[in-house]
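Me: I am new to this structure and would like to understand how its features get their names. Could you take me through the reasoning, step by step?

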Amino acid sequence: MKKNISHLDQFIKKSLRAEEILIKDLINEIIAFKKWIMIVAMMVFTLGLVYIFTSSDEYTTTSKLLMEQSNGINSKALGGLASISGLGNLGIGNQNTEALPPELIPELVLESDFLKRLMYEKVYFEEAQDSITLLEFVNEYEKHNLYYHLAKLPSKVKSMLLSNTTAKGIDFNIEEKQGEETILAFDTKERKTIAQLRTRIEVEKEDRLLVIQTKMPEPLASAQFNEVLSRFLKEYLTNIILDKEVKNFEFIKERTNEAKSRVEQTQMKLANFRDSNRGINSQLLKTEEDRLQADFNLEFSLYNSLAQQMEQSRIKVQNATPVMTVFQKPQLPTSASEPKVILLSLVFLILGGIIGILFFFGLLVMRMLTIHFTNV
């Protein structure tokens, strides 16, 4: 190494005197340092191999969901149904139900609110010999490579230094906040699970298809996780889209039932009044009968209007329901998708060569600065 540095110093002094660096001489210097460049490259490559062979196998499962358009045939059919049922004057056929844009679904899947619900779904793991929640898998069974544990070492030391009293106080506050629906709060295990699930889920939109990919260290767990995610996603989207319409339908239904009860009461009063005063000719009784008849007509008109609105709301709920059919079922993977040994080995080898050359240029700059300031 000293011989190479001495030769490099001569090259630097020569270049400083000539105030230029000859490419040919620079290449000769790089060749002279090829042994050390190769040593650095092999060190990086060896570290890469440690990463590859300490990483657990991952199996990827892919499924596809077909999203049917809500403003196509279904809306025309519902518009025709509205006309047949006599509700066309209420504008049902032209109603545009608010829906979640399909472009937002890949982002929604990675949101904390969605993953918090998903983490308590169960998947079978051979290692556990049982079906366990994703929360239990991430915090008790998931394996990581050596570098993951080294990166997490400072945070583990920091958490060990925290007092138990402080930790309990924080957990108590979190539990109180979890009671509020507008605020999301997570404990340590839930935060870790959410972070890991985001690395194991990938959802992409291709035209009308949702491509769902999941990764797990076991093939059966990967396929089950994909099926659970697809099913849970359909239920979650349905609840989001239908929430407003269902609440509106329930409200109108309650008002309709109340109006129906009032119609029956006024109708009963009118019938009792007529039975009690049959055969009596009196203008006063005639006026009272007209009043009861007017009350009945008013209540019946209100009930009829609410009944039409309830049917309109019922059709809107049906129209808003997202239709997602399974286009491609999850298939049990037969081989591990990660780690990609050959590809990663090639990457680390190239990276090692680049770092080795950067090592040479770093040494060149350091020696050049040293010689320059020594001669000043």
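What follows is a set of questions and replies on helices, aromatic rings and salt bridges.

Me: Before we start, what kind of model is this?

Reply: This is a predicted model.

Me: How do you know that the span of helix α1 agrees with the number of its residues?

Reply: Helix α1 runs over residues 2–18, which makes 17 residues, and at 1.5 Å a residue these should span 24 Å. The C-alpha atoms at the two ends are 24 Å apart, so the expected span and the computed one agree.

Me: Which residues of α1 are buried, and what makes them line one face of the helix?

Reply: Buried is the word for a relative accessible area under 20%, and in α1 it applies to Asn4, Leu8, Asp9, Phe11, Ile12 and Ser15. Looking down the axis of α1, one finds these buried residues within an arc of 165 degrees, and therefore they line one face of the helix. The face turned away from that buried side carries Lys2, Lys3, Gln10 and Arg17, which are exposed. Just after α1 comes Glu19, with a positive phi of about 55 degrees.

Me: Why is the aromatic pair of Phe33 and Phe360 called tilted?

Reply: Two rings pair if their centres lie within 6.5 Å, and the pair is tilted when the angle between the planes is neither under 30 degrees nor over 60. For Phe33 and Phe360 the centres are 5.4 Å apart and the planes are at 55 degrees, so by that rule the pair is tilted. Phe33 lies in the loop between α2 (23–32) and α3 (34–54), while Phe360 belongs to helix α13 (residues 341–375), so the pair ties together parts that are 327 residues apart in sequence. Both Phe33 and Phe360 are buried, and together with Phe361 they form one aromatic cluster.

Me: What makes the pair of Phe114 and Phe232 edge-to-face?

Reply: The ring centres of Phe114 and Phe232 are 5.2 Å apart and their planes stand at 65 degrees, and because edge-to-face asks for over 60 degrees, the pair takes that name. Phe114 is in helix α6 (residues 112–118) and Phe232 in helix α11 (residues 219–276), so this pair ties together parts that are 118 residues apart in sequence. Both Phe114 and Phe232 are buried. In total, the structure holds eight aromatic pairs.

Me: How do you know that Lys35 and Arg255 each lie over the face of a ring?

Reply: For a charge to sit over a ring, its atom has to be within 6 Å of the ring centre and within 35 degrees of the ring normal. Lys35 lies over the face of Trp36, at 5.9 Å from the ring centre, and Arg255 lies over the face of Phe251, at 4.8 Å from the ring centre.

Me: Why is the contact of Arg117 and Asp113 called a salt bridge?

Reply: The rule asks for a side-chain nitrogen of Lys or Arg within 4 Å of a carboxyl oxygen of Asp or Glu, and the side chains of Arg117 and Asp113 meet at 3.5 Å, N to O, so the pair qualifies. Arg117 and Asp113 are four residues apart in helix α6, which means that about one helical turn separates them. By this rule the count comes to twelve salt bridges.

Me: What makes Arg117 and Asp113 partly exposed?

Reply: Partly exposed covers what lies between the 20% limit for buried and the 50% limit for exposed. Arg117 has a relative accessible area of 47% and Asp113 one of 24%, so both count as partly exposed.

Me: How do you know that Glu289 and Arg274 form a salt bridge, and which helices does the pair link?

Reply: The side chains of Glu289 and Arg274 meet at 2.9 Å, N to O, which is within the 4 Å of the rule. The pair links distant parts of the chain, with Glu289 in helix α12 (residues 283–320) and Arg274 in helix α11, 15 residues apart. Glu289, at 22% relative accessibility, counts as partly exposed, and so does Arg274 at 38%.

Definitions and conventions. Residues numbered from 1 in each chain as written. Predicted model: local features only at pLDDT ≥ 70, side-chain atom pairs only at ≥ 80, totals over all residues. Heavy atoms only, no water. Expected span 1.5 Å × (residues − 1). Buried < 20%, exposed > 50% of the residue type's maximum accessible area, 1.4 Å probe, protein only. Arc of directions from axis to C-beta. Phe/Tyr/Trp six-rings, centres within 6.5 Å; stacked < 30°, edge-to-face > 60°.
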